[in-house]
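Open the structure in your viewer and keep the selection tool at hand. This tour tells you what to select next and what is there.

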Amino acid sequence: MLLPTLAACLAGCAFLLCPVTEGCGPGRGYGKRRSPRKLAPLAYKQFSPNVAEKTLGASGRYEGKITRSSERFKELTPNYNPDIIFKDEENTGADRMMTQRCKDKLNSLAISVMNLWPVRLRVTEGWDEDGHHSEESLHYEGRAVDITTSDRDRNKYAMLARLAVEAGFDWVYYESKAHVHCSVKSEHSVAAKSGGCFPGEALVTVEAGGQRPIRDLRPGDRVLASSGSDGAGCLVYSEVLSFLDRQPDARKLFYTIDTASGARLSLTAAHLLFVSEGNCSEGAAPTGGATVAVYAGHARRGQCVLVAHGDGGRFSRITRLSARERRGAYAPLTAHGTVVVDGVVASCYAAVDRHDLAHWAFAPLRLVHGWTGFAGNQEQGLHWYSRLLHWLGRMVLDSEHFHPLGSAQPGS
């Protein structure tokens with residue numbers, strides 16, 4: 001059976017492995033300079049990486065067309081970099097619209113182009129709002145661009161493709177003699193890359209009294225959580241064992257979920273949240289099996305989340321979803337695997353689609369903490385045990401259980 005197998009693997013490994021740190025070694029030595037790496041142009045019709053564009057190893061799956069009237073239009077940002085020429089044949093500015101990740105990679109590529117040749121980067125196709133591309137093209141999401149050099153010298157395009165790979169595009173295709181196609185992962189997937197977290201100013205209720213920003217929590221504090229594996233149990237105070245991720249200076253995209261009760265929760269797209277499985281009534285107490293854990297990025301208006309009320313959770317309908325970048329990312333791990341943040345019951349786990357599976361997987365860490373009072377607490381960064389789980393999980397689980405990015409860290 002999957003869960004016992006994973007738990008057994010982790011139990012055997014947890015006591016053998018310790019946090020990995022970078023040590024000092026002989027290295028290359030001071031005073032030596034590495035020879036510049038020679039870049040190999042892409043061959044005609046070659047793509048990098050050597051997998052299909054809309055797979056986990058490249059730019060990931062298509063998530064739906066973005067229009068000017070859709071909520072997701074705010075995910076796009078205009079690129080006014082003067083070092084890039086935008087063809088904009090529609091004269092609508094659409095080619096300048098793209099996701100932030102695409103913009104960052106394109107701006108980086110523009111610098112590389114000018115460093116190599118006395119020309120500028122040119123974008124012939126960007127965001128497509130008119131349906132000119134094939135079905136499920138990433139151009140419809142502002143995640144793809146077709147590029148050339150400003151002098152339109154086709155002899156440069158093979159090297160241009162290589163420069164695009166080096167600039168960090170998630171998939172590059174020397175598609176035709178007339179242009180190079182580049183695309184990136186979605187913002188949702190990028191948010192998942194560091195697992196799931198809450199912003200530093202999010203509030204938790206502590207047993208000592210009152211509320212405290214999550215950034216000020218410390219292992220040993222007891223915070224309000226749910227005793228149920230589906231988030232629908234009684235509210236209890238649960239000990240904070242460690243932080244699975246703690247990045248005070250990181251900037252991440254957070255989803256904000258507003259509810260009819262006035263509760264507002266912000267968390268990253270890959271974090272697990274308990275929502276109603278079917279129909280729900282505002283203010284009603286959930287019954288057994290009434291909730292399911294989903295990625296925050298998959299929550300939808302009309303569903304209900306659990307808000308803290310009395311000694312248990314009550315349903316409250318999601319009325320609005322939004323997203324914006326914030327500084328600071330924190331993921332506390334409690335003994336119960338749940339935590340009430342800004343009045344909403346949430347899981348401590350992320351990146352895998354099963355809260356119960358994640359809680360099983362962290363059993364060895366809880367066991368070690370019970371014996372020693374130590375859970376590998378770290379000042380900053382991703383917890384070493386989460387990294388271990390990611391490696392083991394990839395060995396045992398099907399990829400469908402992971403958040404679409406594929407490189408997400410379970411439980412972080």
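The stops below go from the whole chain to single residues.

**The whole chain**

Start with everything selected, and keep in mind that this is a predicted model. The protein chain has seven helices and 20 strands. Of its 412 residues, 53% count as buried. Look next at how the contacts are spread along the sequence: among those between residues at least 6 apart, 67% join residues at least 24 apart.

Now colour by pLDDT. The mean for the protein chain is 81, and 79% of the residues reach 70 or more. Select residues 1-35, where pLDDT stays under 50. The model has 32 contacts beyond four places in sequence for this stretch. Then select residues 397-412, where pLDDT also stays under 50; here the model has 75 contacts beyond four places in sequence. Where pLDDT is low, the predicted coordinates should not be read in detail.

**The disulfide**

Which two cysteines does a disulfide join? Select C280 and C304: their sulfur atoms are 2.1 Å apart and form a disulfide. A search of the whole structure finds one such bond. The link is right-handed, with 75 degrees about the S-S bond. C280 lies in the loop between β14 (271-276) and β15 (291-295), while C304 is in strand β16 (residues 304-309). The two cysteines are 24 residues apart, and the pair links distant parts of the chain. Both C280 and C304 are buried.

Go on to C182, which is in no disulfide. The nearest cysteine sulfur belongs to C102 and is 8.1 Å away. A disulfide needs the two sulfur atoms within 2.5 Å, so this distance is outside the cut-off. C182 is buried, with a relative accessible area of 0%. Compare C234, which is partly exposed at a relative accessible area of 48%.

**Two helices**

Select residues 100-116 to show helix α2, which has 17 residues. From its first C-alpha to its last, α2 reaches 25 Å, close to the 24 Å expected at 1.5 Å a residue. C102, met at the previous stop, is one of the buried residues of this helix. Others buried in α2 include L106, L109, A110 and V113. R101, K103 and K105 are buried too.

Next select residues 363-372, helix α6. Which residues of α6 are buried? They are P364, L365, V368 and H369. Turn the view to look down the axis of α6: the buried residues fall within an arc of 140 degrees, so they line one face of the helix. On the face turned away from this buried side are the exposed residues G370 and W371.

**Two buried strand residues**

Select T256, in strand β12 (residues 235-259). Is T256 buried or exposed? Its relative accessible area is 6%, under the 20% cut-off, so T256 counts as buried. The T256 side chain makes a polar contact with the side chain of S266, at 2.8 Å. Beyond four places in sequence, T256 is in contact with residues including R264, L265, R320, L321 and R326.

Move to V223 in strand β11 (residues 222-226). V223 is buried, with a relative accessible area of 1%. Add T205 to the selection: it is 18 residues away along the chain, yet the C-alpha atoms of V223 and T205 are separated by 5.5 Å. T205 is among the contacts of V223 beyond four places in sequence, as are V204, V206, L217, V236 and Y237.

**Backbone details in three loops**

Select S48 and P49. The peptide bond from S48 to P49 is cis, with omega near 0 degrees. P49 sits in the loop between β1 (47-48) and β2 (76-78).

Then find E136, in the loop between β5 (121-125) and β6 (144-149). Its phi is near 65 degrees, a positive value in a residue other than glycine. E136 is partly exposed, with a relative accessible area of 38%.

The last stop is R152, in the loop between β6 and α3 (157-167). R152 is not a glycine, and its phi is positive, near 55 degrees. Is R152 buried or exposed? The relative accessibility of R152 is 54%, over the 50% cut-off, so this residue counts as exposed.

Conventions. Residues numbered from 1 in each chain as written. Predicted model: local features only at pLDDT ≥ 70, side-chain atom pairs only at ≥ 80, totals over all residues. Heavy atoms only, no water. Helix = DSSP H or I, 4+ residues; strand = E, 2+ residues; numbered from the N terminus. Buried < 20%, exposed > 50% of the residue type's maximum accessible area, 1.4 Å probe, protein only. Polar contact = N/O pair within 3.5 Å; in protein donor to acceptor, adjacent residues only side chain to side chain. Contact = heavy atoms within 4.5 Å. pLDDT = per-residue confidence, 0-100. Expected span 1.5 Å × (residues − 1). Arc of directions from axis to C-beta.
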